[in-house]
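The following exercises are to be worked with the sequence and the structure at hand. Each task is followed by a solution in steps.

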Amino acid sequence: FFIKAIRLGETMQKLTYKVKKMVGIHARPASALAQFARMYQSDIKLYCQNRCANAKRMVEIMELSIHKDEEILFEICGEDECRVVKALQQYCHSYL
């Protein structure tokens, strides 16, 4: 798997991940990811193929139509961003 976290000063962190699940991110994983993201106060944006979604909204994640082997980028901004990046790394490795 491929995970890379980038520290951007005190205001934002980025995390990239290459999706490994055969089915990509369809309804069930999108719902679970949104539920996971809503546990945190930080804003979490998800990018794929130059399109952006709020990671706390299942429908927006599904609209990205993310498939296996596509690289996704998370941008995390907020007071708990350090915790989010660590948790998101584990989440991606386990579920995406």
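**Exercise 1.** Determine which residues Ile72 is in contact with, leaving aside its neighbours within four places in sequence.

*Solution.* Step one fixes the conventions: this is a predicted model, in which local features need pLDDT of at least 70, side-chain atom pairs count only at pLDDT 80 or more, and totals for chains, interfaces and linings use all residues. Residues are numbered from 1 along each chain as its sequence is written, and side-chain values use heavy atoms, with hydrogens and water left out.

Step two applies the criterion that contact means heavy atoms within 4.5 Å. The partners of Ile72 are Leu15, Thr16, Tyr17, Val19, Ile25, Leu46, Tyr47, Cys48, Ile66 and Leu96.

**Exercise 2.** Identify the residues that touch the most other members of the largest nonpolar core, and the elements that give two or more residues to this core.

*Solution.* A nonpolar core is a set of buried Ala, Val, Leu, Ile, Met, Phe, Trp, Tyr and Cys residues joined through side-chain atoms within 4.5 Å. Buried means under 20% relative accessible area, exposed over 50%, and partly exposed in between (1.4 Å probe, protein chains only). The core has 28 residues, and those touching the most other members are Ile25, Leu33, Leu46, Ile66, Ile72, Phe74 and Leu88.

Next come the elements, where helices (H or I, at least four residues) and strands (E, at least two) are DSSP runs numbered from the N terminus. Strand 2 (12–18), helix 1 (27–37), strand 3 (43–48), strand 5 (71–77) and helix 3 (81–95) each give two or more residues. Helix 3 supplies the largest share, six residues.

**Exercise 3.** Establish which side chains of strand 3 are buried, and which strands pair with strand 3.

*Solution.* In a regular strand the side chains alternate between the two faces of the sheet. Here Ile44, Leu46 and Cys48 point to one face and are buried, whereas Asp43, Lys45 and Tyr47 point to the other and are not.

For the pairing, DSSP must find at least two bridges between two strands. Strand 5 pairs with strand 3 in the antiparallel sense over five bridges, with Asp43 opposite Cys77. Strand 4 (residues 51–54) is also antiparallel to strand 3, through four bridges, and Cys48 stands opposite Arg51.

**Exercise 4.** Is Gln49 buried or exposed?

*Solution.* Gln49 is found in the loop between strand 3 and strand 4, which form a hairpin with two residues between them. Gln49 counts as exposed because its relative accessibility is 52%. Its phi is positive, about 50°, although Gln49 is not a glycine.
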